[in-house]
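Let's walk through this structure together, starting from one side chain and working outward to the whole chain.

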Amino acid sequence: MTTRQTFTASDGLRIAYYVDDFTDPWTTPPVMVLLHSAMGNSERFYSWVPGLARHFRLVRMDIRGHGGSEVPPPSMPLSMERFVKDVEELMDTLGVKQAHIAANSAGGYLAQKLAIGSPERVLSLSVVGSTPGLSPSALDWLPQIEREGLTPFLRRTIHMRFDLKTTDPGMIEWFLKQTGENDPAYVVRFISYMGTQAWPDELPRIKAPTLVIYPGGETVGSASLYDAMRDGIPDVTMREYEHMPHNIADMMPDRCVADILAFLKSKFGYPA
């Protein structure tokens, strides 16, 4: 994988990121920012990078508290504004005024709010398994995580995330290893905060062409939560992955990348 780099956010927290660029060296490629899911990190996009980095200067950010980014201390309150500001400050650090934004699950929350609050910075929005706010049902996970521990909880409920009939067992073990590297106390803080956030009424403010890829068998809430995106985002394309549970970005990466590239070509004429 590409070497990790860091920058210091305006509130002093260290944020990690990666840049992947396998475009033709004589060109000036468009930039795409990737934002990962809760309990994940930028390495979860390992299978997305080959297909996207050939056409885009790809920037992958570890959301604060995840991966190589610093964990906010308990004295530092969490806020959506701060999560989104990290994305903007990374773009500023790299001299990027506008970018295509592609994101999975909780990363999609940041992406949606960026497109709502700073539409001039978002050329397009592609979100995978990301509703307009975390379903409050996720708050039911918290006492279970605290009682069982994060990894035992995820192992017991893994059927809610992966289609066990079609997913390589190695992928599941790797997922559990990745999520197990998180600070459990921060995971509880993060989910507790995100479970209070919702913005369906703000979706009409998204001006960028938007692709919503969603699992037809959504297990974090329900697939009906995506109806607000279909009805509320002015320029939206919906793609359902029928019968699949939540983690389609991990289970079906090639299909996700192909759908994102086809969407961008239909809207912008590239990649060729």
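Look at the side chain of Y186, which comes to 2.9 Å from the backbone oxygen of R64. This is a predicted model, so please read each distance here as a computed value. Y186 belongs to helix 7, and with a relative accessibility of 2% this residue counts as buried because the cut-off for buried is under 20%. Around Y186, leaving out residues up to four places away in sequence, you will find contacts with R64, G65, H66, V71, P72, L78 and F83. If you would like a yardstick for the surroundings, try V87: Y186 and V87 are 99 residues apart in sequence, and their C-alpha atoms lie 20 Å apart in space.

Staying with helix 7, which spans residues 184-194, let's turn to its partner. The axis of helix 7 and that of helix 4 (residues 141-148) come within 10 Å of each other and cross at roughly 175 degrees. Helix 4 is therefore roughly antiparallel to helix 7. Which residues of the two helices meet? From helix 4 come W141, L142, I145 and E146, and from helix 7 come V188, I191 and S192. By character, the residues of this contact divide into 5 nonpolar, 1 polar and 1 charged.

Next, move to helix 6, residues 169-180, where you will find Q178. Is Q178 buried or exposed? Its relative accessible area is 5%, and since buried means under 20%, Q178 is buried. Apart from neighbours within four places in sequence, Q178 is in contact with M39, N41, E43 and R44. With one of these, E43, the side chain of Q178 makes a polar contact of 3.4 Å. Q178 and E43 are 135 residues apart along the chain, yet their C-alpha atoms are separated by 8.9 Å.

Now step back to the chain as a whole. The protein chain holds 10 helices and 8 strands. Its C-alpha trace spans about 55 × 45 × 40 Å along the principal axes. The radius of gyration is 17 Å, which agrees with the value near 19 Å for a compact globule with 272 residues. Of the 272 residues, 57% are buried, and Q178 and Y186 are among the buried ones. Finally, consider contacts between residues at least 6 apart in sequence: 75% of them join residues at least 24 apart. The contact between Q178 and E43, 135 residues apart along the chain, is one you have already met.

Notes: Residues are numbered from 1 along each chain as its sequence is written. This is a predicted model: local features need pLDDT of at least 70, side-chain atom pairs count only at pLDDT 80 or more; totals for chains, interfaces and linings use all residues. Side-chain values use heavy atoms; hydrogens and water are left out. Helices (H or I, at least four residues) and strands (E, at least two) are DSSP runs, numbered from the N terminus. Buried means under 20% relative accessible area, exposed over 50%, partly exposed in between (1.4 Å probe, protein chains only). Contact means heavy atoms within 4.5 Å. A polar contact is a pair of N or O atoms within 3.5 Å; within protein, one must be able to donate a hydrogen and the other to accept it, and residues adjacent in sequence count only if both atoms are side-chain atoms. Axes are lines fitted to C-alpha atoms, for helices over the stretch in contact, and angles run from 0 to 180 degrees between N-to-C directions. Angles under 35 degrees count as roughly parallel, over 145 as roughly antiparallel, 65 to 115 as roughly perpendicular and the rest as oblique. Ala, Val, Leu, Ile, Met, Phe, Trp, Tyr, Cys and Pro count as nonpolar, Asp, Glu, Lys and Arg as charged, and the others, Gly among them, as polar. The radius of gyration is taken over C-alpha atoms; the globule rule is 2.2 Å times the number of residues to the power 0.38.
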